[in-house]
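Hi everyone, thanks for making the time today. I'd like to walk you through one structure, and I'll put it up on the screen now.

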Amino acid sequence: EEIDALMAKFCVERLHFVGTDMATNYIKSTVDAMDNETFELYLKYHFTICERCDLVGASNHTLDIFRKR
């Protein structure tokens, strides 16, 4: 909401709002220990949830991508 209020002052449109670390922050050692096949599955999961509005707040870091109009 705060970012929306800030960006409303500019002539831009939001393309993506992404949670960049999501669950990874909470299971770092598990992710580090994954073999390549398991990590690929984890990435598919991550990319499935990383833009869900109801889950982005679980991320410690976010990326907000806008385009000038």
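Let me start with a question: leaving aside its neighbours within four places in sequence, which residues is valine 56 in contact with? Keep in mind that this is a predicted model. The contacts of valine 56 are Phe17, Val18, Gly19, Met22, Cys50, Glu51 and Thr62. Valine 56 itself sits in the loop between α3 and β2. With a relative accessibility of 4%, valine 56 counts as buried, because the limit for that class is under 20%. And if you'd like a pair to look at on the screen, take valine 56 and threonine 20: they are 36 residues apart in sequence, and their C-alpha atoms are 8.5 Å apart in space.

Now stay in that loop with me and move along to serine 59. Serine 59 is also placed between α3, residues 36–49, and β2, residues 62–68. Is serine 59 buried or exposed? It counts as buried, at 9% relative accessibility. Setting aside residues up to four places away in sequence, serine 59 touches Gly19, Thr20, Asp21 and Met22. One polar detail to pick out here is that the serine 59 side chain reaches the backbone nitrogen of threonine 20, at 3.3 Å.

On to the cysteines. How many disulfides does the count come to? Zero. A disulfide is a covalent bond between the sulfur atoms of two cysteines. For cysteine 50, the closest cysteine sulfur belongs to cysteine 53 and lies 11 Å away, so that is too far for a bond. The two also part ways in their surroundings: cysteine 50 counts as buried, at 5% relative accessibility, while cysteine 53 counts as exposed, at 77%.

Next, the charged residues. Side chains of opposite charge can pair when their charged atoms come close. The structure holds four salt bridges, and I'll go through some of them. The side chain of arginine 14 meets that of aspartate 4 in a salt bridge, at 2.8 Å from N to O. Arginine 14 is in strand β1, residues 12–19, and aspartate 4 is in helix α1, residues 2–7, so this pair ties together parts that are 10 residues apart in sequence.

Arginine 14 has another partner, aspartate 64, again with 2.8 Å from N to O. That pair links distant parts of the chain, with aspartate 64 in strand β2 and arginine 14 in strand β1, 50 residues apart. Put together, Asp4, Arg14 and Asp64 are linked in a network of salt bridges. How open are these residues? Arginine 14 is partly exposed at 35%, aspartate 4 is partly exposed at 41%, and aspartate 64 is partly exposed at 22%.

One of the other salt bridges joins arginine 52 to aspartate 54, where the closest N and O atoms are 2.6 Å apart. Here arginine 52 counts as partly exposed, at 40% relative accessibility, and aspartate 54 is exposed, at 56%.

Last stop, the nonpolar surface. Leu15, Leu63 and Ile65 form a nonpolar patch there, with about 220 Å² of accessible area together. Leucine 63 has its place in strand β2, and it is partly exposed, with a relative accessible area of 43%.

That's my tour. Thanks for listening, and I'm happy to take your questions.

Technical notes. Residues numbered from 1 in each chain as written. Predicted model: local features only at pLDDT ≥ 70, side-chain atom pairs only at ≥ 80, totals over all residues. Heavy atoms only, no water. Helix = DSSP H or I, 4+ residues; strand = E, 2+ residues; numbered from the N terminus. Buried < 20%, exposed > 50% of the residue type's maximum accessible area, 1.4 Å probe, protein only. Polar contact = N/O pair within 3.5 Å; in protein donor to acceptor, adjacent residues only side chain to side chain. Contact = heavy atoms within 4.5 Å. Patch = residues over 30% accessible without salt bridge, like charges linked within 9 Å, V, L, I, M, F, W, Y side chains within 5 Å. Areas by Shrake-Rupley, 256 points an atom, 1.4 Å probe, with all protein chains shown as cover. Disulfide = S-S within 2.5 Å.
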